[in-house]
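Please work through the exercises below with the sequence and the structure at hand. Each task is followed by a solution in steps.

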Amino acid sequence: MSDADGRADGRRGFADLLLDLRVQTGLSQEELADRAGLSVRSIREMEAGRVARPRKESVRLLAAALGLRDGDTDHFLAAAGHGTVRPVVRPVSPPVVSVADAAPTGLRWRGTRPIPDGLVGREQELLELEGLLRQNRLVTLVGPGGVGKTELALAAADRFSGADTTVVVVDLTTVQRDAAVPSAILDAFGTAPGTSDLDDVLSGRQPGDLVIVEDNAEHVLDGVATVANRMVRSFPGVGVLVTSRIPLGLPDEVVRRVQVLGVPGNDENFEDIAASPAVEMFTRRVTRVRPDFVLTPANAPTVARLCRRLDGLPLALELAAARAGSLSVEAILAALDDRFRLLSGPRRFGAPHQRTLADTIAWSVDALSDPARQLLYRASVLGSPFTLEAVAGVCTGTPIDGIDVPMLLSELVEKSLLQPVHEFEQLYGARYKLLETIREHAYAGLSSQGDDLTEFRDRAVEWCSTYMSGLDGAWSAPDRDRRYRAAHANSALFEVALERSAELGEWDTAARIVLGFRIAWQYQASVAESGIRWATLCADNVSDKETSGRLLAIAGRLSSLTGDIRGARRHYEEARTRIPGETEMGLVARGGWVSSGSHLLDTQSLAEIPALVADARKHGDVQRSATVQATCGLALLRWGRLVEAKELLLAWEAALVNPGVYADEIAYMALSRVDLELGDVDGARHWAVLARDSQASDDPERTKVAGCLAMVEYHAGRYDEAQALLDQADADIRGHRGYFDYLVMLYRSRLARAAGETEQARIAVRDAVNRLLLEGRVVYLLEVLPEAVAVLHALGRTEPADRLCGQLLAWQRTMDPPMLPTAWAVLQESCERASVADGWPEADPAAAVQRLANDVLVALS
């Protein structure tokens with residue numbers, strides 16, 4: 001080399017060494033200049049290689065500021081031209097400095113730091129992500145805009161980093177070209193303008209030395225993927241954490257989807273609402289603008305509804321909370337019908353495309369291909385969730401070819417605009433959903449396209465009507481569960497079709513959809529409530545009397561499933577007057593009337609059973625006949641007519657040999673319960689096992705069978721086994737309401753009381769009484785109240801216990817139905833000193849039992 005070349009090579013060698021040493025120590029150019037007593041410009045010029053031969057004193061000051069040992073200082077001076085230049089400068093050990101001189105931990109962090117209190121409800125994801133960073137070189141966090149990918153990534157990098165780890169955060173928001181990604185990374189390291197060799201910055205690292213966070217990568221995906229691939233393949237000491245709405249698609253990449261925050265499942269339970277991560281985040285953010293704001297039982301329902309309307313999306317919650325300085329929570333909720341205007345700010349930090357909710361969604365939508373964008377727009381009319389089959393049936397047409405629908409759906413999922421619904425996937429198949437904020441954006445896009453919105457809503461009605469005709473005969477088909485569950489998977493779309501039919505006044509069309517969909521509505525309580533509304537609305541508007549009665553019978557069935565026994569009774573009562581009693585739906589209405597009446601202690605219902613069973617046996621449909629007999633058997637069991645109940649339930653069991661008649665775990669459980677009450681524990685176990693074996697393995701409502709098995713184990717004296725089954729059932733109770741949840745609570749009380757855990761027993765029996773009063777299942781209170789007496793005695797509350805015991809003794813002596821044997825045995829053990837109360841019998845049995853239950857709640861409070 002010429003002398004000039006040699007001088008240039010020396011300048012570049014020192015510049016690279018200075019840059020590498022500064023990055024290893026975690027110092028910015030400003031921080032190093034301050035330590036060394038030099039100007040920032042001097043540091044910048046030296047790192048750019050524009051200083052021919054730095055002054056020796058300046059180099060010594062830099063060496064001291066970098067904490068170099070004597071030998072390393074000699075190499076450093078030689079590289080700067082002060083002494084003999086060695087062929088190789090060995091890697092510098094971490095600087096040894098005194099505690100007093102030690103740099104703060106933050107000096108090892110380049111770029112945006114995590115916001116204090118920035119993460120809420122992400123502890124599990126944070127733990128998982130920290131573990132992934134320790135085991136993998138490249139991790140990508142994927143999710144829709146505003147879901148909190150950046151904060152999660154920064155928090156994970158902060159938790160992962162140790163004393164010797166440098167974290168460099170690269171904000172790619174303003175990078176416009178893939179080719180500019182390497183320069184953006186170098187800029188994040190604090191290198192001088194014009195520095196282009198990324199390898200020099202990355203080489204010589206030990207594993208765990210360096211984590212690079214590349215934030216907002218979706219619009220320069222090819223550039224990020226190219227650099228990330230080179231990093232993980234060529235530099236084993238570098239870890240890369242990427243945030244993007246789209247995965248990079250690299251073979252070494254580990255992808256984790258960031259979900260929205262959990263929202264409350266109901267508006268009633270204050271503890272559940274307060275425990276919701278979305279509510280916690282909203283409340284914390286509100287207190288930043290309203291320090292006096294507190295979540296209370298009074299405002300919690302409104303906050304819960306607000307968080308659900310905002311999908312638990314962190315950006316939306318943050319923007320809504322910012323409005324709480326001038327608006328009440330109620331006003332914010334009311335204004336969400338125009339959420340994009342309401343949530344337009346104020347947010348003066350963060351990426352430009354994330355300062356308003358509209359900008360955040362548009363950033364992703366505008367980057368779609370035209371077919372994908374049109375599919376997103378059209379899918380907005382389907383409700384959520386929906387299936388691929390529904391999309392293909394409703395949303396195709398120029399520019400969307402039916403064969404391209406799976407590919408376009410995959411594109412929308414990949415770009416975080418569409419969410420796969422994994423819950424109950426084995427039951428309902430593959431489903432997709434749109435976050436409400438994305439759906440509203442897409443719906444507005446469709447609305448802006450002339451008559452498209454009307455066209456696709458009309459298509460929804462046509463598709464649902466055709467689908468319903470395909471369910472004819474499904475009740476007796478071998479694959480009926482599969483067909484009804486497939487229909488249930490599109491329940492939101494049927495809601496859209498019904499809304500459109502009602503809007504057009506096409507009530508006969510709406511009624512056909514409701515009648516065809518009636519079984520599918522039974523698979524989920526929240527959807528069943530919609531079914532009740534549509535069944536009653538259609539019943540009020542169709543002209544045909546029998547059709548109206550059939551619709552009311554459906555409303556009765558669904559009301560019973562959702563725990564509204566009084567509503568069920570009312571609907572069944574009306575349906576019986578409109579449908580011939582010998583028809584299939586007439587038998588449904590009469591059976592439902594008997595069942596709901598037995599819950600409400602109505603003797604008229606009991607008197608109906610013989611004629612109902614006789615008509616069912618004459619009916620041509622063996623499945624319907626068997627179902628009616630099982631229904632009547634359950635009613636007789638509630639009434640204490642155990643032998644008659646077993647006879648009808650065994651008739652149901654005998655009918656299972658017929659094609660089209662299917663096992664029902666509820667009827668098996670009833671047989672198990674009858675045998676328990678008759679003292680046959682082995683027989684009870686036999687039927688309970690059949691109930692377990694007939695229930696779908698992935699049925700979301702596992703409570704009833706686990707509770708049934710627990711009862712058998714309890715009466716067999718196997719208390720540990722019973723406790724384990726109750727624990728399993730109790731976890732399921734939190735997600736739904738079921739017929740037999742009260743039994744789980746009842747037996748939990750019995751086990752707790754036997755173990756001397758009286759406080760746990762008090763809570764369990766109180767919950768059981770509350771549940772039954774709320775649902776109107778009065779007859780089951782006769783099983784729970786004797787346990788309440790025993791718990792009150794265990795708590796030392798003798799006076800209310802003896803008073804309640806006397807009332808129940810009077811009931812058993814004068815009223816019908818009697819307490820079942822197991823409940824009567826518990827009462828007898830607890831009532832040695834009680835006297836039979838005066839004033840019995842009473843004219844209104846149901847009112848009498850409810851009065852006793854309310855007295856118990858007071859005594860147990």
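**Exercise 1. Locate Pro 817 and describe the peptide bond that precedes this residue.**

Step 1. Pro 817 belongs to the loop between α41 (798-814) and α42 (821-830); helices (H or I, at least four residues) and strands (E, at least two) are DSSP runs, numbered from the N terminus.
Step 2. The bond joining Asp 816 and Pro 817 is cis, with omega about 10°.
Step 3. A second cis bond leads from Thr 398 to Pro 399, where omega is near 5°. Pro 399 is placed in the loop between α19 (388-394) and α20 (405-414).
Step 4. For context, most peptide bonds are trans.

The model is predicted: local features require pLDDT of at least 70, side-chain atom pairs count only at pLDDT 80 or more, and totals for chains, interfaces and linings use all residues. Residues are numbered from 1 along each chain as its sequence is written, and side-chain values use heavy atoms, with hydrogens and water left out.

**Exercise 2. Determine the sign of phi at Asp 311 and at Leu 601, and decide whether each residue is buried or exposed.**

Step 1. Asp 311, in the loop between α13 (300-309) and α14 (314-322), has a positive phi near 65°.
Step 2. Because its relative accessibility is 14%, Asp 311 counts as buried (under 20% relative accessible area; exposed is over 50%, partly exposed in between; 1.4 Å probe, protein chains only).
Step 3. Leu 601, in the loop between α30 (584-599) and α31 (603-618), has phi near 60°, also positive. With 5% relative accessibility, Leu 601 counts as buried.

**Exercise 3. State the strand order of the open sheet and identify its edges.**

Step 1. The sheet has 6 strands in the order β1-β3-β4-β5-β2-β6, with parallel pairing; two strands pair if DSSP finds at least two bridges between them.
Step 2. β1 (109-110) and β6 (253-257) are the edge strands, each pairing on one side only.
Step 3. Inside the sheet, β2 (residues 138-142) and β5 (residues 238-244) are joined by 5 bridges, and Leu 141 stands opposite Thr 243 in β5.

**Exercise 4. Describe the largest nonpolar core and the surroundings of Phe 282.**

Step 1. A nonpolar core is a set of buried Ala, Val, Leu, Ile, Met, Phe, Trp, Tyr and Cys residues joined through side-chain atoms within 4.5 Å.
Step 2. The largest has 127 residues, and Phe 282 is among those with the most contacts inside it. Helix α23 (residues 452-469) gives the most to this core, with 8 residues.
Step 3. Beyond its neighbours within four places in sequence, Phe 282 is in contact (heavy atoms within 4.5 Å) with residues including Val 303, Leu 306 and Cys 307.
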